[in-house]
Amino acid sequence: METGSEIERLPVDLLAHIFSLALSFKDLAQASGVCRKWRRGVAESLARKERLSFAGWKVDDESASRIVRAAYNITELDISRSCWGCQITDEGLYKISQTKCVANLLSMSMWGMAGITDKGVIQLVTRANSLQHLNVGGTFITNESLYAVANSCPHIKTIVLWSCRHVTEQGLTVLVKKCRKLESINVWGMRVPVDCFVSLLAISPALKLKPVTQQLGVVRIWPVAQAN
């Protein structure tokens with residue numbers, strides 16, 4: 001019996017499991033083009049994913065949004081600039097915001113993505129109402145993005161603002177006042193006065209501001225209860 005016939009005997013569920021082990025989106029794209037059954041297997045493998053990362057793969061707005069649209073059960077999405085070759089812009093964020101999974105996302109990382117602005121981030125977070133963890137460190141967002149998070153993401157627990165130097169005290173204050181479940185903020189490299197951090201802790205004493213900012217002349221910016 002020919003090998004091709006044997007492969008045809010594999011059920012779609014088994015094909016989907018095999019394809020879920022593939023590390024390359026390029027391989028999945030090629031497998032999808034083999035036949036209709038394999039295309040179904042690839043689609044089902046993407047639909048089963050709960051976490052999606054573009055680490056190590058070159059993706060643009062169109063390819064990223066197409067994959068996210070197929071992986072409609074994911075709750076964690078990583079499209080960081082640290083993922084080699086990731087070239088997603090505001091247009092890509094807009095397209096991702098239109099996908100089925102966005103309302104169920106619990107974690108989202110856009111670390112270091114120089115090609116995005118408030119426009120794309122606001123479009124995404126206003127639809128990602130279940131977000132608990134957000135990383136926008138190393139981007140050029142401003143207070144406008146934080147206002148959108150504050151108004152649309154009531155479940156947010158952690159946010160990374162590493163070196164977000166266009167975010168000011170006003171944005172942080174609104175975020176902490178409105179997001180009562182917020183547990184920690186990474187404020188490394190931000191151009192914010194020490195008095196701002198003290199004010200934030202007055203609003204939310206249990207809030208963790210990371211890292212310890214000794215370089216700013218503060219021994220510890222943690223609540224007294226945590227220092228004991």
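## Trp162 and its ring partners

Let's start with Trp162, which is partly exposed, with a relative accessible area of 30%. Keep in mind that this is a predicted model. Trp162 pairs up with Trp188, and the two rings are stacked: their centres are 5.3 Å apart and the planes differ by 10°. Since Trp162 belongs to the loop between β5 and α9 while Trp188 belongs to the loop between β6 (184-186) and α10 (194-203), this pair ties together parts that are 26 residues apart in sequence. Trp188 is partly exposed too, at 38% relative accessibility.

The structure holds two aromatic pairs. The other one brings Trp111 together with Trp162, and here the arrangement is tilted, with 5.6 Å from centre to centre and 40° between the planes. Trp111 sits in the loop between β3 (107-109) and α7 (118-125), and Trp162 in the loop between β5 (158-160) and α9 (169-178), so this pair links distant parts of the chain, 51 residues apart. Trp111 has a relative accessibility of 29%, so it counts as partly exposed. Put the ring pairs together and you get a cluster of Trp111, Trp162 and Trp188.

## Ser163, next door in the loop

Ser163 is also worth a look, as it is found in the loop between β5 and α9. Is Ser163 buried or exposed? With 19% relative accessibility it counts as buried, because the cut-off for buried is under 20%.

Which residues does Ser163 touch, leaving aside those up to four places away in sequence? The list is Thr139, Trp188, Gly189 and Met190. Trp188 in that list is the residue that stacks with Trp162.

## A lysine over a tyrosine

There is a charge-on-ring arrangement to check as well. The charged end of Lys100 sits over the ring of Tyr72, at 4.8 Å from the ring centre.

## Cysteines

How many disulfides are there? The count comes to zero. A disulfide is a covalent bond between the sulfur atoms of two cysteines. For Cys153, the nearest cysteine sulfur is that of Cys179, 7.2 Å away. The cut-off for a disulfide is 2.5 Å between the sulfur atoms, so Cys153 is in no disulfide.

Cys153 is buried, with a relative accessible area of 0%. Cys101 counts as buried as well, at 0% relative accessibility.

Key: Residues are numbered from 1 along each chain as its sequence is written. This is a predicted model: local features need pLDDT of at least 70, side-chain atom pairs count only at pLDDT 80 or more; totals for chains, interfaces and linings use all residues. Side-chain values use heavy atoms; hydrogens and water are left out. Rings of Phe, Tyr and Trp (its six-membered ring) pair if their centres lie within 6.5 Å; planes under 30 degrees apart count as stacked, over 60 as edge-to-face and the rest as tilted. Helices (H or I, at least four residues) and strands (E, at least two) are DSSP runs, numbered from the N terminus. Buried means under 20% relative accessible area, exposed over 50%, partly exposed in between (1.4 Å probe, protein chains only). A charge sits over a ring if NZ of Lys or CZ of Arg is within 6 Å of the ring centre and within 35 degrees of the ring normal. Contact means heavy atoms within 4.5 Å.
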